[in-house]
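Visitor: I have a model open and do not know how to read it. Can we go through some features together?

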Amino acid sequence: MAIPENKLAFDGGWNYAPAPESTDHIVVKKRYGLFINGDFRAPEKGRYFDTLNPANEEKLSRVAMASQADVDKAVKAARKAYTGPWSRMKAKERGKYIFRIARMIQERAREFAVIESLDGGKPIRESRDVDVPLAAAHFFYYAGWADKLEYAFPGRKAKALGVAGQVIPWNFPLLMASWKIAPALACGNTVVLKPAETTPLTALKLAEVIADAGLPDGVVNIVTGAGDTGAAIVTHPGVDKVAFTGSTNVGRIIQKALAGTNKKYTLELGGKAANIIFADAAIDQAVEGIVNGIFFNQGHVCCAGSRLLVQESVADEVIEKLKDRMETLIVGDPLDKNTDIGAINSRMQLEKIESYLKIGQSEGGEMHQSSCSLPKSGYWCRPTIFTGVSQSSRVVQEEIFGPVLAIQTFRTYDEALTKANNTPYGLSGGVWTDKGSKIFKMTQGIRAGVIWANTFNKFDPTSPFGGYKESGMGREGGLHGLGAYVKLEA
Ligand code: NAP
Ligand code: MG
């Protein structure tokens, strides 16, 4: 059967007719207040900031800038809810509320997905198939634990910590909020959460869901703002536990601020993961894994496979196949279901990525980018690879957080391992080989929290996630994620 011309045409690259997701069914208000004590309210100082669509630089909404006084109110509301209804409620009942949030996220999945793509720039295929389903899955998973903590910690009594202060970044806004809120509630804590300045909208939508789910007032409070708001949460004396996901630099500031306090904390920070491809790997699958590892979500992924270590004998083949595959990647409108690579999250992030492209070239790296055209407005970066880089190159050592892959070769297992471990980070890694024995040997040698074998960037609520070295402290997800929100008594 002939393929209709408007559906698919081959002219050296693949061109698909646009298939944009509709925005008719979503509601984004012109202005959002702070979600404190079960209600949206104006910020004390009356200050608001714009949140933009990074794909066209148009304003989506104005969002409240929370001051110290607002944070104080949110923490007090969370404390009142903690000592009041939430800690008195039977665990089984608490679990029902969390289940209800999970189901309501599923019911409103399309709205969440579209708003996530509008506010953050990620392709709708990802927000629809990854972010939103995983967010619901985390609430489902932790809802199940709420009345089973005695099985999670046999022989010990797990007690809630109190008020959890949570600060999250812009790369997986709804998913990071879910990673943090679901286990906190399951363990009986209350929450004050701050989303990132550039992507506050899905957290505010989640606040609407939480209100509709009928949670007691103050159990979850969402305060929007920038770094100062985050700092006000982290340092507030009424906060018992801090959960932070973001850059290693801010993680360091937070760790210093918390030194000497009694606050429990987890830090999920940066990464510079290596995908390691042995000559005996299924090469086509490995190439697909590299593409997924670094170009997924524009490389805005802490555990992105931003380095490739490929065994010398197959390096030419892998790089050629990778370049071919890069040519087929569609960069453009995040709401188009054909799009592989969406918009870079903000102008600041684009400038950071572009500065690394210059650094990579000035250090002698050979840069190759796909030849695709880019939209006229908005923030965009073509998929990019660097070859001819050395272990000391900054594009090999430092986190770029964009669709930029640094490629090196290796000959022996030991060389691969030494290179893989030779960065300050240790969040994730990937191994591609036909031999199970090599997988076991490598995964035991790589100093990173998550290691995938013959796949990459797979997530599941049952699986703990977290870093070694400068990639962070503590684990989120799975049974381990519960431990961060309880104190254990005999
Ligand atoms: P960031 O600058 O560290 O910001 C993360 C969050 O912290 C944002 O909500 C931010 O507010 C807030 N913040 C900034 N300064 C603060 C301070 N002094 N005290 C308390 N909070 C503060 O990171 P980003 O640039 O948004 O995100 C990219 C970075 O996050 C990357 O480096 C990446 O490695 C890391 N990341 C790690 C993981 C992980 O799980 N390990 C996941 C995602 C991202 P505003 O942004 O609103 O100003
Ligand atoms: Mg935005």
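Guide: This is a predicted model. Start with Val114, a residue of helix H3.

Visitor: Is Val114 buried or exposed?

Guide: Look at relative accessibility, where buried means under 20%. Val114 has 0% relative accessibility, so Val114 counts as buried.

Visitor: How far apart in space are Val114 and Leu335?

Guide: Compare the chain with the space. Val114 and Leu335 are 221 residues apart along the chain. Their C-alpha atoms are separated by 7.1 Å.

Visitor: Where do Leu201 and Val28 stand on that reading?

Guide: Leu201 and Val28 are 173 residues apart along the chain, with 8.0 Å between their C-alpha atoms. Leu201 belongs to helix H7, residues 201-212. Its relative accessible area is 2%, so Leu201 is buried.

Visitor: Now the metal. Which protein atoms are donors of the magnesium ion (ligand 2)?

Guide: Read a metal site atom by atom. Thr51 gives OG1, and Leu52 gives its O. Asp119 appears twice, with O and with OD. Thr198 gives its O. These donors lie 2.2 to 2.7 Å from the magnesium ion.

Visitor: How are the donor residues spaced in sequence?

Guide: The pattern for the magnesium ion is T-L-x66-D-x78-T. Thr51 lies in strand S6 (residues 48-53), while Asp119 lies in helix H3 (residues 109-120), so the pair ties together parts that are 68 residues apart in sequence.

Visitor: Are Thr51 and Asp119 buried or exposed?

Guide: Both Thr51 and Asp119 are buried.

Visitor: Next, ligand 1. Which residues come nearest?

Guide: Take the surroundings before the single atoms. There are 28 residues around ligand 1. Ile168, Glu197, Ser247, Leu269 and Glu399 come nearest.

Visitor: Which polar backbone atoms should I look at?

Guide: Go atom by atom again. An oxygen atom of ligand 1 is 2.6 Å from a polar backbone atom of Glu197. For Gly246, a polar backbone atom is 3.3 Å from an oxygen atom of ligand 1. At Glu268, a polar backbone atom is 3.4 Å from a nitrogen atom of the ligand.

Visitor: And inside the protein? What polar contact does the side chain of Asp129 make?

Guide: The side chain of Asp129 makes a polar contact with the side chain of Arg128, at 2.8 Å. Asp129 lies in helix H4, residues 124-145. Its relative accessible area is 45%, so Asp129 is partly exposed. Asp129 and Ala113 are 16 residues apart in sequence, and 8.6 Å apart from C-alpha to C-alpha.

Visitor: What lies 2.7 Å from a polar atom of the Thr339 side chain?

Guide: The backbone oxygen of Asp333 does. Here a side chain is paired with a backbone atom. Thr339 lies in the loop between helix H11 (312-328) and helix H12 (347-362). A loop residue can still be checked for burial. With a relative accessible area of 2%, Thr339 is buried.

Visitor: How many cavities does a search find?

Guide: A search of the whole structure finds 4 cavities of 30 Å³ or more. The largest cavity has a volume of about 90 Å³.

Visitor: Which residues lie nearest the centre of the largest cavity?

Guide: Its lining has 15 residues, of which Lys272, Arg307, Ala420, Ser428 and Ala448 lie nearest the centre. Then sort the lining by kind. The lining of the largest cavity divides into 7 nonpolar, 5 polar and 3 charged residues.

Visitor: Which elements each supply at least two residues of that lining?

Guide: Helix H14 (413-421), strand S19 (425-426) and strand S20 (428-432) each do so.

Visitor: Last, backbone angles. What sign of phi do most residues other than glycine have?

Guide: Most residues other than glycine have a negative phi. Now look at Asn454. Its phi is near 55 degrees, a positive value. Asn454 lies in the loop between strand S21 (450-453) and strand S22 (468-469). Asn454 has 32% relative accessibility, so Asn454 counts as partly exposed.

Visitor: What is phi for Lys469?

Guide: Phi of Lys469 is near 50 degrees, also a positive value. Lys469 has its place in strand S22. With a relative accessible area of 35%, Lys469 is partly exposed.

Note on methods. Residues are numbered from 1 along each chain as its sequence is written. Chains are lettered from A and ligands numbered from 1 in the order in which they are written. This is a predicted model: local features need pLDDT of at least 70, side-chain atom pairs count only at pLDDT 80 or more; totals for chains, interfaces and linings use all residues. Side-chain values use heavy atoms; hydrogens and water are left out. Donors are N, O and S atoms within 2.8 Å of the metal (3.2 Å for Na, K and Ca); water is not among the atoms, so sites may look incomplete. Helices (H or I, at least four residues) and strands (E, at least two) are DSSP runs, numbered from the N terminus. Buried means under 20% relative accessible area, exposed over 50%, partly exposed in between (1.4 Å probe, protein chains only). A polar contact is a pair of N or O atoms within 3.5 Å; within protein, one must be able to donate a hydrogen and the other to accept it, and residues adjacent in sequence count only if both atoms are side-chain atoms. On a 1 Å grid over the protein atoms alone, a cavity is a set of points where a 1.4 Å probe fits but cannot get out, and a pocket is an open set with protein on both sides within 12 Å along at least five of seven lines; lining residues have an atom within 4 Å of a point. Grid points are joined across faces, edges and corners, and a volume is the space filled by probe spheres set on the points. Ala, Val, Leu, Ile, Met, Phe, Trp, Tyr, Cys and Pro count as nonpolar, Asp, Glu, Lys and Arg as charged, and the others, Gly among them, as polar. A residue is near a molecule or strand if one of its heavy atoms lies within 4 Å of it.
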